[in-house]
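Here are my notes for anyone opening this one for the first time. Have the viewer ready and follow the points in order.

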Protein chains: 2
Amino acid sequence: MALLFQSLDDVTRLRILALLLEEEDLCVCYLVAVLQLPQSTVSRQLGVLKSAGWLKDRREGVWIHYSINRSLGAIQQFLVPVLRTFLLGTETARGDLERLKNLPREGGAVLPGTR
Amino acid sequence: MALLFQSLDDVTRLRILALLLEEEDLCVCYLVAVLQLPQSTVSRQLGVLKSAGWLKDRREGVWIHYSINRSLGAIQQFLVPVLRTFLLGTETARGDLERLKNLPREGGAVLPGTR
DNA sequence: GGACTATATCCGTAAAAATGGATATAGTCA
DNA sequence: TGACTATATCCATTTTTACGGATATAGTCC
């Protein structure tokens, strides 16, 4: 159980969760663009969230899309509403979502080379 | 918010919370005896939980009693039922509570020198 | 005051996590 | 096949956290 909370004790991971609670399905390149962090950092934290059971990934061509795992563990199911309520009000989450909204897109993907 | 989860990502701290969710009001010496950890470790983690807002303390003579803070923050209030539900079933919590039950007592205090 | 007890804090060390550039992997397109 | 892109993983370094013995603080009792 400590491990579960540990997966939530990092600002970057919470930012990712907040985004995926609102947007369902984002590819890594989006997240890199929105979070404005090095790709290796983002990928690593995505890996942590995935192995904690929060996220699942799905490859689509070159892109890998992450989304909230639909079959969360019992504790996580309790935590989702808490996260939704208290995370999305954050200034950080607000900024991230705003930045997401303004990303240059093409269909469902970030324009290649835009990063 | 990451800070709040951070206060829950340590096994010792969760053990302490589990005990105080069941027992309301325990002095440090009890906790040291039950957790079977060095006193400095227990005091340190109590300090973390206290400064995270989970606990409050009250001096009573030589003893300092800790208990769950009655005026928890909003997020914490949501988390308490989660902790109660998923923590108390644990094998660790079971063992700790059992050990607590079997401590030699006198009135409300551990027998002096028993530690 | 002095001996004793409970607790907090200090401090040097060890363990764990995060960081980010570099490299590896794997898919796409020509 | 080769060039290119997205992503994961590696690795050396830094930052954070935990640890626990030792010491300091503070209350109690004689």
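**Notes on a predicted two-chain model**

1. Let's begin at a turn in chain A. Strands E2(A) and E3(A) make a hairpin with 2 residues between them, and Gly61(A), which sits in that turn, has a positive phi of about 65°. Keep in mind throughout that this is a predicted model.

2. Now follow the two arms of that hairpin. E2(A) and E3(A) run antiparallel and are joined by 6 bridges. If you want a pair to click on, take Leu55(A), which stands opposite Ile68(A) in E3(A).

3. What is the strand order of the sheet in chain A? The order is E1-E3-E2, in an open sheet of 3 strands with antiparallel pairing. The edges are strand E1 (26-27) and strand E2 (55-60) of chain A, each of which pairs on one side only.

4. The other pairing in chain A is a short note. E1(A) pairs with strand E3 (residues 63-68) of chain A over 2 bridges, again in the antiparallel sense. Here Cys27(A) stands opposite His65(A) in E3(A).

5. Next, look at what lies on that sheet. Helix H2 (residues 11-23) of chain A lies across E1, E2 and E3 of chain A. The helix runs at about 85° to E3(A).

6. Move over to chain B and look for its sheet. You'll find an open sheet of 3 strands in the order E1-E3-E2, with antiparallel pairing. E1 and E2 of chain B are the edge strands, each pairing on one side only. Helix H2 (residues 11-23) of chain B packs on this sheet and touches E1, E2 and E3 of chain B, and its direction makes about 85° with that of E3(B). Helix H4(B) also packs on the sheet, touching E2 and E3 of chain B; the direction of H4(B) makes about 120° with that of E2(B).

7. For the pairings in chain B, start with strand E2 (residues 55-60) of chain B, which pairs with E3(B) in the antiparallel sense over 6 bridges. Three pairs are handy to check: Leu55(B) has Ile68(B) as its bridge partner in E3(B), Asp57(B) has Tyr66(B), and Arg58(B) stands opposite His65(B). The hairpin of E2(B) and E3(B) has 2 residues between the strands, and Gly61(B) takes a positive phi near 65° there.

8. His65(B) is worth a second click. Besides standing opposite Arg58(B), His65(B) is the bridge partner of Cys27(B). The second of these pairs belongs with the 2 bridges that join strand E1 (residues 26-27) of chain B to strand E3 (residues 63-68) of chain B, which run antiparallel.

9. How do two helices of chain B, H3 and H4, pack? Helix H3 (residues 28-35) of chain B and helix H4 (residues 39-51) of chain B pack at an angle of about 115°, with their axes 9 Å apart. The crossing of H3(B) and H4(B) is right-handed. On the H3(B) side the contact involves Val28(B), Leu31(B), Val32(B) and Leu35(B), which meet Gln39(B), Val42(B), Ser43(B) and Leu46(B) in H4(B). Sorted by class, this contact has 6 nonpolar, 2 polar and no charged residues.

10. Then zoom out to where the chains meet. 17 residues of chain A are in contact with 17 residues of chain B. Between them the two chains bury about 1,500 Å², 89% of it on carbon and sulfur atoms. Which three residues supply more of the area that chain A buries against chain B than any other three? They are Met1(A), Phe5(A) and Phe86(A), which supply 37% of that area.

11. A last look at salt bridges. The rule finds 0 salt bridges across the interface of chain A and chain B, while a search of the whole structure finds 12 over all chains. For an example, go to Arg99(A) and Asp96(A), whose side chains meet in a salt bridge at 3.0 Å, N to O. Arg99(A) and Asp96(A) are separated by about one helical turn, because they are 3 residues apart in helix H6 (residues 91-101) of chain A.

Technical notes. Residues numbered from 1 in each chain as written. Chains lettered and ligands numbered in written order. Predicted model: local features only at pLDDT ≥ 70, side-chain atom pairs only at ≥ 80, totals over all residues. Heavy atoms only, no water. Pairing = 2+ DSSP bridges. Helix = DSSP H or I, 4+ residues; strand = E, 2+ residues; numbered from the N terminus. Contact = heavy atoms within 4.5 Å. Axes fitted to C-alpha atoms, helices over the stretch in contact; angles between N-to-C directions. Left-handed = near helix turned anticlockwise from the far one by under 90°. Nonpolar A, V, L, I, M, F, W, Y, C, P; charged D, E, K, R; others polar. Buried area = accessible area lost by both parts, 1.4 Å probe. Salt bridge = Lys/Arg side-chain N within 4 Å of Asp/Glu carboxyl O.
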